[in-house]
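Trainee: I have a model open on my screen and would like to learn how to read it. Could you walk me through some features one by one?

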Amino acid sequence: MDRQALVETHPLEPFFPEHARLLMLGSFPPKRERWRMDFYYPNFQNDMWRIFGLVFFRDKDYFLAEQGNAFREGAIRSFLAEKGIALSDAGQRVVRLKDNASDKYLEIVEPIDLHRALDCLPCCEAVVTTGQKATDTLLGLVGADAPRVGECTRFVYGERHLRFFRMPSSSRAYPKPLADKAAAYSRMFAALGML
């Protein structure tokens, strides 16, 4: 098969609230058949919105729909806009080397245009990656030192001094209990004065 035919373009627009202070970067969405909403972290098996529920509301099910089998996209969008959290992904065009969403089998053909993203986010003071593929991609763009998982370093991009947080993946494939992941995210949000 022609390699060009295998390239997927990111299906979502970046979510850039006007006064966002934090840019969160995942790797790339799973295939659409795994989605439960038309937004970031749409796979019901991904725990990002459960992590947010625990961190901000002490309720892992806070962002779940009443039926408990989908996410409340409108509530998530409103909350992120209010808190000043922007979302995008490190990969804008990718090739899946296997027919799944695993970062291990994801080749990023075109990374995020970080300069453009940060131009759209003049209040942004920190970037967080939510997995190894996103971390490796960001490091390739900014040349920063890699923080340990759950920790932070700093980097200069253009004339901006930014913090770089490396958070545990919200994928259930990442072997860490939900409560431990939420604790790491809670420390990050506390450090940013967002709790």
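Trainee: Let me start with charges. Which side chain does Glu125 meet in a salt bridge?

Mentor: Good place to start, and keep in mind that this is a predicted model. For a salt bridge, look for a side-chain nitrogen of Lys or Arg within 4 Å of a carboxyl oxygen of Asp or Glu. Here Glu125 meets Arg163, with 3.7 Å from N to O. This pair links distant parts of the chain, 38 residues apart: Glu125 sits in the loop between α4 (114-120) and β6 (126-129), and Arg163 belongs to strand β8 (residues 160-166).

Trainee: Are those two partners buried or exposed?

Mentor: Take the relative accessible area and compare it with the cut-offs: under 20% is buried, over 50% is exposed, and anything in between is partly exposed. Glu125 has 28%, so it is partly exposed. Arg163 has 17% and therefore counts as buried. There is a third member to add: salt bridges that share partners join Arg21, Glu125 and Arg163 into one network.

Trainee: How many salt bridges are there by this rule?

Mentor: The count comes to eight. One of them lies within a helix: Glu73 and Arg77 meet at 2.9 Å, N to O. Both lie in α3, four residues apart, which is about one turn of the helix. Glu73 is partly exposed at 23%, and Arg77 is partly exposed at 31%. Another salt bridge joins Asp61 and Lys60 at 3.4 Å. Asp61 is partly exposed at 34% relative accessibility, and Lys60 is partly exposed at 39%.

Trainee: Let's stay with that helix. Which residues of α3 are buried?

Mentor: To read a helix, list its buried residues and then look down its axis. In α3 (residues 73-83), Ile76, Phe79 and Leu80 are buried. Seen down the axis, the buried residues fall within an arc of 95 degrees, so they line one face of the helix. Their cover includes α2 (48-57) and β3 (85-89).

Trainee: What about Ala81, in the same stretch: how accessible is it?

Mentor: Ala81 is found in α3 and is partly exposed, at 40% relative accessibility. Apart from neighbours within four places in sequence, Ala81 is in contact with Phe15 and Pro17.

Trainee: And what follows α3?

Mentor: Here you check the backbone angles. Gly84 follows the helix, and its phi is positive, near 80 degrees.

Trainee: Now strands. How should I read the two faces of one?

Mentor: In a regular strand the side chains alternate between the two faces of the sheet. Strand β2 (residues 22-26) is mostly covered, with five of its five residues buried. Leu22, Met24 and Gly26 are on one side, Leu23 and Leu25 on the other, and both faces are covered.

Trainee: Which strands is β2 joined to, and by how many bridges?

Mentor: For each pairing, read the number of bridges and the direction. β2 runs parallel to β3, joined by five bridges. β2 also runs parallel to β6, with four bridges. For individual partners, Gly26 is paired with Asp89 in β3, and Leu23 with Val127 in β6.

Trainee: Asp89 carries a charge. What is the nearest side chain of opposite charge?

Mentor: With a buried charged residue, look for an opposite charge, then for polar contacts. Asp89 is buried yet has no salt bridge, and the nearest side chain of opposite charge, Arg96, is 9.0 Å away. The Asp89 side chain does reach the backbone nitrogen of Gly26, at 3.3 Å. Beyond its neighbours within four places in sequence, the contacts of Asp89 include His10, Phe28, Tyr40 and Ile112.

Trainee: One last residue: where is Asn43?

Mentor: For a loop residue, ask about burial, then polar contacts and neighbours. Asn43 is in the loop between β2 and α2, and it is buried, with a relative accessible area of 13%. A polar atom of its side chain lies 2.8 Å from the backbone nitrogen of Gln45. Not counting residues up to four places away in sequence, Asn43 touches Pro30, Arg34 and Phe71.

Terms used: Residues numbered from 1 in each chain as written. Predicted model: local features only at pLDDT ≥ 70, side-chain atom pairs only at ≥ 80, totals over all residues. Heavy atoms only, no water. Buried < 20%, exposed > 50% of the residue type's maximum accessible area, 1.4 Å probe, protein only. Helix = DSSP H or I, 4+ residues; strand = E, 2+ residues; numbered from the N terminus. Arc of directions from axis to C-beta. Contact = heavy atoms within 4.5 Å. Lys, Arg positive; Asp, Glu negative; His and termini not counted. Polar contact = N/O pair within 3.5 Å; in protein donor to acceptor, adjacent residues only side chain to side chain. Pairing = 2+ DSSP bridges.
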